[in-house]
Amino acid sequence: MSKEYAKSFYQSKEWIKCRKGYIKSKYCICERCGRSATIVHHKKFINPRNINNPEITLNWDNLEALCIECHNKIHNRNHQVTTKETIFDENGNLIKSPQ
Ligand SMILES: [Zn+2]
Ligand SMILES: [Zn+2]
């Protein structure tokens, strides 16, 4: 299940800049477990209605720096889909783990 509506947002300069600044402000540390963070998660998940609302998508109050494992836990509440080889990216898509 790909989320086409979010694609252009995740590729936008605004998001890339926002994401970089945020994760830097957290010293690239996962806010839940203290390991190194690689993902900036939206606490209020992005959906087709809020994708164009910077108060949601680019608001640091709505962001959380997370490691892959903590991020997977949030997006994979059924604990069935991801394995060591597959993870969810911030777009909610199942992708191959970078390791
Ligand atoms: Zn973590
Ligand atoms: Zn997320």
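This is a short exchange about a predicted model and the terms used for it.

Mentor: Local features here need pLDDT of at least 70, side-chain atom pairs count only at pLDDT 80 or more, and totals for chains, interfaces and linings use all residues. Residues are numbered from 1 along each chain as its sequence is written, while chains are lettered from A and ligands numbered from 1 in the order in which they are written.

Trainee: What makes up the count of helices and strands in the protein?

Mentor: DSSP runs do: H or I of at least four residues for a helix, E of at least two for a strand, numbered from the N terminus. The protein has 4 helices and 4 strands. Their order from the N terminus is α-α-β-α-β-α-β-β.

Trainee: Why is Y27 called exposed?

Mentor: Exposed means 12 or fewer other C-beta atoms within 10 Å of its own; buried means 20 or more; partly exposed lies in between, with C-beta atoms placed from the backbone. Y27 has 9, so Y27 is exposed. Y27 sits in the loop between α2 (13-25) and β1 (39-42).

Trainee: And why does C28 count as partly exposed?

Mentor: C28 has 13 C-beta neighbours inside 10 Å, so it falls in the in-between class. C28 is also in the loop between α2 and β1.

Trainee: What is said of phi at Y27 and at C28?

Mentor: Phi of Y27 is positive, near 55°, and Y27 is not a glycine. C28, not a glycine either, has a positive phi of about 55°.

Trainee: How much of the protein counts as buried?

Mentor: 17% of its 99 residues.
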